[in-house]
Structures are given as C-alpha cells and as structure tokens.
Amino acid sequence: MKDTKHSPVNLGKLARPLAMAISMLSTGVAHSSETSGYSLASVRTQVDQGNYQSAKSVIQEMRDNETNKEDDSALEFEAERMRRIEMEFTLKPEELLGSIQRYIPDATEDDIAKWNAAGLLEYKIINGERRYFRKAAYNLVHISSEAAARTNDYRRFTDKAPLYHLHPHHAAVVDTHQQTKAPLEQRFEVTYSLTVDADAVPAGEVVRAWLPFPQEISGRQEQIALISSSPAKNQLAPETQAQRTIYMERTAEKGVPTEFSVRYTFNSLSRFTDIEANLVKPLSNQAATSENLASNLAERAPHIQFTPELRALSERIVGNETNPYRIAQKLFNYVDQIPWAGAREYSTIRNISQYAAQAGHADCGQQTLLLITLMRMNGIPARWESGWEFSPEGFDTMHDWGEFYLAPYGWMPMDVTHGVLDSEKDAERWFYLGGLDSYRLIFNTDYSQPFFPAKQHFRSETVDSQRGEVEWRGGNLYFDQWSYNMDWKPVEAAAH
C-alpha cells in the first residue's frame, strides 16, 4: 500500500561555491587542481553523507572538464537524486512541532526530543542542517501507538483498507477454492488518466507518456480488453514486457494542460493454496535449474543484496528451522511486524531492502523487497509483483506484493503488507502467504525493467511502474509537474 502525493517545489540550479577548495577539505574530499582525482564513488559518498554542496560542485567540475565520460549518466542522476531528496526532506526543526500538532494538538518540544531519541522522526543532515521528512508527522502516528493514542480519533491509513483485516471475502475465497478448486473472479473497468501541468513543457513540443497497462497472466489476470485511449494513437507494450505500459504522444499547447488517458476491462482471479508443511522440501540444485529459478534466488543490486546486517537478521529470525514453508512463515511474520508508513520516493533510496530493515517503518514495496531478499537468502525463490488493489467497499491504492516458490506447489502469491490475518483458522490466518484476493490489478511482474518504447530520460519512479512516466526532449517530467487519477468499477464478468 502506498500513499504518495507531491507538492510543487522550485529548486535552483546546481551550486558552484567560490570557496570550493575549502569546502572539499571541510567535507573530507581531497581537492586537486585536476578533476581526475574525482570519481563517481566519491560523489556518492558525499551525497550519502549529506554534503550536497560539495557533491554538486564536484559533479559540475567533472562535467565542465569532461572527465569520466562513462560516468556522465550516473553523475547526472546523483545530481537528480539530491534534488529529489531535498524535495522529500523539507521540514526545518522549528517547523516540526506545528506539523505534528495537526495530528497531536498537545504535542510539545519535549515530546519531539523523546520521539527523536526513539528514532521515530525520519530526518537527514543536509549541508550541516537537519531536515525532517515531509511525512514525518503523518508517519509518527502510524509507527507509534503511543502517539496515535493522543490523536483526535485519527485513523491510520491501514485501518481504512477493508482487506487488511479479516473480511468475508477471505472466507469466500478459501471456501470456493476448497470446494470447487476454482477461483473467485471479478471483472473491472478502469479509466486511468495522467495530466501534465500547463506550460510544464513549451508549446509546440511533443510530450511522451507511458501509462501503466495490465499484464495478461493465466489464472491471475485474464481477458484484458483495451476500450479506448486519448489520444487514440498508441503503442501497447507486448505481453512479455515485465513492466507493461501503453505509450502515447501529444503536442503541448500554451496555457493548457496536456492530458492522456486509457480505458480497459480485465478479470481478476483469486488464489489460494492449502500448503502442508510436511510435504515441502528444500529446493535441490537440480530442481532450481530445471525450473529456471536461479535468478529468483540470487542477489540483484542495488535493492536485493545479502548484506552482513541482513544475514544476521535472517539468522535471528529463522533460528534452527529447516522446513522452507516454516521459514517462509517466520520471515513473513517478522516483516509483517514492521509498521507501515508513508514512503520516500524509491529513487532516493540506495538499497530498499536494507532501508526497510533499519528505518523502523516501511511501505508495501519496501516490505516486499525485504521479504524477497530474506527468502532468497534462505533458498526460497521469490520475485516482485505490483499494480493497484481495490476492495469490496470501494477502497483503492497503488500496491506492491510478490510471489514465492515452494516445491511441490510452485509459484504462489505473498502479500506481507496485508500480512497475517487475525483468525483461528490457519487457512485464513496465513491467507496472504500462498493466496491473494480477487481485487488486484497487475501491471508489473518485475521491478526496474525497461519500457516499450524505451524512455530517453531518467524515470521518476526507478523501481515501480504504477502512476506512469512522462518526458519531452528537454528531459523527464517529475511528479510535481503532473497528476494522475484512477477510476474503477466492477462490471459483469465476461463469459469464457
């Protein structure tokens, strides 16, 4: 589950301070009259340490002297990463109390000191100054029960989602699968639109847009029918595209927003698996090879890495357990206990699984990448899936989940953000470890994959693809330059 909204921020061009040599020395970067001593690694170190002024100066110097041309794109993105982080971490310390008092009217500076000491208020030191995450106050009442208790009837985001708690739909899915071996099937009609702000692109320039489009997946998501698009001319990515989109172009007009939309229908099918732990065996090398599972067991930098910290965490969670299903349950239960909170943009995070393990909170994609990493470390193949989720009561949101593999059952869904349900029946309690409701819209079967046609500039979302992407020949259009809207409704299921 994601909660991602942005306010426009006007940031200046990259700074080039006059006292560059002094700045380099004060921040730990050795200065030389030659830029050959600079490197992409040293720039990244400065960015991670919050020395943005120094990093921006080095990047500009390297560009001006045309050194390390092979790193040009990576250097450009480091500059963009800093810009995006500065858009995320906007609250000055003196502004924090007022932000928190919107949720907790009687909050004090002493409370802030206490919450800071407990690590509940996410911040960064940027150029020597503390800046808090713009959602720090919002997240506080999601990750601290004590803080939430002091709000005026404030409901956490996850409390608003019907299927995040035991629901009649779960029982219906289980009963239908157990009695008939068939899924519950829902058909939906979706109208998705993306609107670029007026004059975000100069008049006469071509705006290029990629809107997310459903995957055709047998037994999961079927009978996809494109009804219309605006503009009518489009390029639909092949069904094999892991992050599927529909591509359109439109010429910008002065003073007028540039609009794109797509309308389609699809069937969403539930999943449920009665897993018997005693039937599950560790995956042999031969089985992993025959099923082409190697890539789903491996590290994949930057977001799936078997770091020493995650190895130690895995050992603490798993203990002496050897049964793959029981290991999966332990890992699933652990990650489920990480409190949900509004997320930073994924492009601002170096290693998402590591971040999820250390930040004290995580959203759906961060939880999922951590679970995928931990499962792979324990010999359980796991992979990404994402799109949107709906509900019987009208709730909807962008959402990420995944799949895992157990012999002899094969690939099964896992949704750790929905987590372990409060039920005495194992089939319902562990519903989301092997099962999935029929209120899903799947756009992606992997993360950080190329688009069709290829995007020429950086993506706004470098990991997921749920809102869309926009660019023109002058560069990428970031989230503060356009808006999106998802309209959906159930419709009668199409006949097979």
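Begin by selecting the five strands that form an open sheet in the order β7-β8-β5-β14-β15, and notice as you trace them that the pairing is antiparallel. At the edges stand β7 (235–236) and β15 (475–476), and each has a single partner strand, so one side of each is left without a neighbour in the sheet. Keep in mind throughout the tour that this is a predicted model.

Stay at one of these edges and select β7 together with strand β8 (residues 245–251), which pair in the antiparallel sense over two bridges. To see how a residue of one strand is matched with a residue of the other, pick Leu-236, whose bridge partner in β8 is Ile-246. In general, the strands of a sheet pair through backbone hydrogen bonds, either parallel or antiparallel.

Next, select helix α10 (residues 285–290) and find Gln-286 within that helix. Is Gln-286 buried or exposed? Its relative accessible area is 66%, and because a value over 50% counts as exposed, Gln-286 is exposed. Now add Pro-413 to the selection: Gln-286 and Pro-413 are 127 residues apart in sequence, and from C-alpha to C-alpha they are 23 Å apart in space.

Finally, turn to the second largest pocket, which has a volume of about 450 Å³. Select Thr-158, Asp-336, Pro-339, Trp-340 and Thr-417, since these are the residues that lie nearest the centre of this pocket, out of the 21 residues that line it. If you colour the lining of the second largest pocket by residue type, you will find eight nonpolar, nine polar and four charged residues.

How values were computed
Residues are numbered from 1 along each chain as its sequence is written. This is a predicted model: local features need pLDDT of at least 70, side-chain atom pairs count only at pLDDT 80 or more; totals for chains, interfaces and linings use all residues. Side-chain values use heavy atoms; hydrogens and water are left out. On a 1 Å grid over the protein atoms alone, a cavity is a set of points where a 1.4 Å probe fits but cannot get out, and a pocket is an open set with protein on both sides within 12 Å along at least five of seven lines; lining residues have an atom within 4 Å of a point. Grid points are joined across faces, edges and corners, and a volume is the space filled by probe spheres set on the points. Ala, Val, Leu, Ile, Met, Phe, Trp, Tyr, Cys and Pro count as nonpolar, Asp, Glu, Lys and Arg as charged, and the others, Gly among them, as polar. Two strands pair if DSSP finds at least two bridges between them. Helices (H or I, at least four residues) and strands (E, at least two) are DSSP runs, numbered from the N terminus. Buried means under 20% relative accessible area, exposed over 50%, partly exposed in between (1.4 Å probe, protein chains only).
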